[in-house]
Number of protein chains: 2
Amino acid sequence: MLHVAEAARVSVATVSALINGTATVSPELSQRIEQAIRDIGYKRNAIARSLKMGTTRTIGLTVPHITNPFFTDVVSVIQQAFDRAGYAVMLCCTDEDLNTQDDQIRLLLDRMVDGLIVARVGDGAILKGIVEDANVPVVLLDRVCEGVDTDTVVLDNQRAVFDAVTYLIDLGHRRIGYISGSFDISPMHDRMAGYREALQAAGLPIESELVRFGNFHEVDGYNATMQLLSLHDRPSAIFSANNPMVIGTMKAIRDIGLSCPEDISVACFDDFPWSDVFQPQLTTVAQPVKAIGEQAANLLLDRLSGNRDAPPRKLALKGRLMIRNSCRPIGAPLGAVAQSVSA
Amino acid sequence: MLHVAEAARVSVATVSALINGTATVSPELSQRIEQAIRDIGYKRNAIARSLKMGTTRTIGLTVPHITNPFFTDVVSVIQQAFDRAGYAVMLCCTDEDLNTQDDQIRLLLDRMVDGLIVARVGDGAILKGIVEDANVPVVLLDRVCEGVDTDTVVLDNQRAVFDAVTYLIDLGHRRIGYISGSFDISPMHDRMAGYREALQAAGLPIESELVRFGNFHEVDGYNATMQLLSLHDRPSAIFSANNPMVIGTMKAIRDIGLSCPEDISVACFDDFPWSDVFQPQLTTVAQPVKAIGEQAANLLLDRLSGNRDAPPRKLALKGRLMIRNSCRPIGAPLGAVAQSVSA
DNA sequence: AACGCTAATCTAAACGTTTCGAACGTGTCA
DNA sequence: TGACACGTTCGAAACGTTTAGATTAGCGTT
């Protein structure tokens, strides 16, 4: 900018005024300055600007795994929303690891992001400390977090799983295996609560041998399913509380020589693009991904535009059970699929 | 830092020296300073540091669509690599749009990223101009780019498609539909070349009615497939040059009342997590995603660590044909699948 | 002619670091 | 005793912006 100013024989203040339109500058000087900008190929240094202005027009986004289709979609939607608003987004993947997550939030805060969208945090206390230090608006995604009282957008997880498990029960299933993610994040509590609630509502016992835990990865789903399938009295249906794990479930079923839905019914959390293309077409709980991402972005954008003092807003969206053909009625002839019963 | 210096009754220079270890500071002062840092809860301002140092320890990454499984994986790998190296990554999705891409590269350059990984650029000339202005190392991913002579990592696309189409021919297919992405990016040229080369090598005619173009999205694959299937003499196999489009292909096949592989064989580019779980298990060309991402990251990291003058390095990696059961031998009994023939 | 008003422009301080070179105190050596 | 080196600490400039407030010029009023 100094060079531009010299070339145009004006002060840097005038150049800045012209660029930002913060003051009127005469047509004559405007032209000289614009010419100089072109000649020199000047580009404003956003770092210097950020330092002075105290804003980077950049937000931080952390998710556990970008390869989980839910987060893939959410990231995509959020990225688009901030792009439209002229913000850049820094993406971090925490790999479901608490320390990694803390490090990355610090990394983002160090870089003076203007705001933060955090999906699936672990321990609330740590996040709370980090976030209170840096005085930056935060929106929590996909989970509530004890002690961190801030904007939040989540799914009504309990209700969603309740609906899915009730659907299985209505099909005649009595022994329903449940594969949960590890319990340190709230959605897994709520989803489990939905499972138990559905069983209780139907007067079915809650049997601990039917509940398995995994760490969200395909291999965990595989192992959990293997255990469930080798039970003496094996379940007739399995619900997986997480999407990547259901891949493991399907592979375990195949490897053990069974087939879905003939021998065992399967449903899971999170829809994905291929779910209705191949056989079996998985019955899933679809999250309103687009709405979730957009709401989160709007919440943050609103804070960013100055609305800092409004009380925290908590949004809970509804999931939707996508009934396909991976669950079959118990007792019905083998050819029957779910739709014919649930109609 | 000023406050810390005051509280510890030293100069800011000393604080900086201690923090960065750039000069020895006496144990006594060290302790006072560290105490002050804790008391105040001081965090170094990375923006000010970047301004002074001329480096942001941030890189920019642009991809067309994060929802394309190839890019999802590549982004994931790249993110991890830079995370390990202490870099943040700014992610942009260009939606296959040239203007969007230019805007976003400018956005990233404005923010003084230290380096750039660009996947799937359109016009080389524009990129070239942008990149030459900002003197920042760039690595090109997934495509070569005329006129931009810089580090590049791509797949040997022609060979990969040649292998896949040859496989189809070996199965007895004679009319093979081909769905290409739009032609303004190099992989689509190369993949098409592979298709033509395979046909020619087998002495088969190249029929333009069998070749369709789409814009990389599911809906494009759907439309293209609909056209291919309503041909008077419809193809017995379809190869889709892009992964999202093959979803459309499968849906079109289903909607038209055909089934794969009984009525029509399908293969496509890019493997995905579900490919061997459901039926049909799609035969795909798998890219070595992990290697591609890591190589790209290493190339950039190397430049970032000072190796600026080395001549541009061009890496071409080999794809791998994952033979599953979505393609059947022509003329063989209906139950037969690909493996039994290709053994 | 002196005055005030407005519009255009400029000067200089500030943002929070890093770093160069100077300054200071202390001990060593001639 | 003075010169010198060494280890530690500090002052101040610099990075490239923004912006408050000062300055200037032009013009209409009284």
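Which element gives the largest share of the surface near DNA strand C? The element is H4(B), which supplies 4 residues. This is a predicted model, and the account below starts at the DNA, then turns to the protein chains.

Around DNA strand C there are 22 residues. The closest are Thr14(A), Thr24(A), Ser26(A), Lys52(A) and Ser16(B), so named from both chain A and chain B. Sugar or phosphate makes up 73% of the strand C atoms within 4 Å of the protein, and bases make up the rest. Several polar side-chain atoms lie by phosphate oxygens of this strand. For Thr24(A) the distance from a polar side-chain atom to a phosphate oxygen is 2.3 Å. For Ser16(B), an N or O atom of the side chain is 2.7 Å from a phosphate oxygen, and for Asn20(B) the corresponding distance is 3.2 Å. Two or more residues of the surface near strand C come from each of H2 and H4 of chain A and H2 and H4 of chain B. Sorted by class, this surface has 10 nonpolar, 7 polar and 5 charged residues.

The other DNA strand can be read in a similar order. DNA strand D is surrounded by 23 residues, and Met1(A), Ser16(A), Thr14(B), Thr24(B) and Ser26(B) are the closest. Of the strand D atoms that come within 4 Å of the protein, 73% are in sugar and phosphate. Chain A supplies several polar atoms here. Ser16(A) has a polar side-chain atom 2.7 Å from a phosphate oxygen of strand D. In Arg49(A), a side-chain N or O atom is 2.8 Å from a phosphate oxygen. Asn45(A) uses its backbone instead, with a polar atom 3.1 Å from a phosphate oxygen.

Which helices supply at least two residues each to the surface near DNA strand D? They are helix H2 (12-20) and helix H4 (46-53) of chain A, and helix H2 (12-20) and helix H4 (46-53) of chain B. H4(A) gives the most, with 4 residues. The residues of this surface comprise 10 nonpolar, 7 polar and 6 charged.

The next topic is how the two protein chains meet. Chain A and chain B each put 49 residues into the contact. Together they bury about 4300 Å², and 65% of that area is on carbon and sulfur atoms. On the chain B side, Ile47(B), Trp274(B) and Phe278(B) lose the most area to chain A, together 17% of what that side buries.

Inside the protein, the largest nonpolar core has 156 residues. Those with the most contacts inside this core are Phe82(A), Ile117(A), Tyr195(A), Phe82(B), Ile117(B) and Tyr195(B). Tyr195(B) serves as an example: leaving aside neighbours within four places in sequence, this residue is in contact with Val161(B), Val165(B), Ile176(B), Tyr178(B), Leu210(B) and Val211(B). A second, separate core has 38 residues, among them Ile105(A), Val113(A), Val131(A) and Ala88(B).

One polar residue of chain A closes the tour. Asn325(A) sits in the loop between strand S12 (320-322) and helix H13 (338-342). Is Asn325(A) buried or exposed? Asn325(A) counts as buried because its relative accessibility is 15%, and the cut-off for buried is under 20%. The side chain of Asn325(A) makes a polar contact of 3.1 Å with the side chain of Gln279(A). A polar atom of the Asn325(A) side chain also lies 2.7 Å from the backbone nitrogen of Gln281(A).

Note on methods: Residues numbered from 1 in each chain as written. Chains lettered and ligands numbered in written order. Predicted model: local features only at pLDDT ≥ 70, side-chain atom pairs only at ≥ 80, totals over all residues. Heavy atoms only, no water. Near = heavy atom within 4 Å. Polar contact = N/O pair within 3.5 Å; in protein donor to acceptor, adjacent residues only side chain to side chain. Nonpolar A, V, L, I, M, F, W, Y, C, P; charged D, E, K, R; others polar. Core = buried A, V, L, I, M, F, W, Y, C linked by side-chain atoms within 4.5 Å. Buried < 20%, exposed > 50% of the residue type's maximum accessible area, 1.4 Å probe, protein only. Contact = heavy atoms within 4.5 Å. Buried area = accessible area lost by both parts, 1.4 Å probe.
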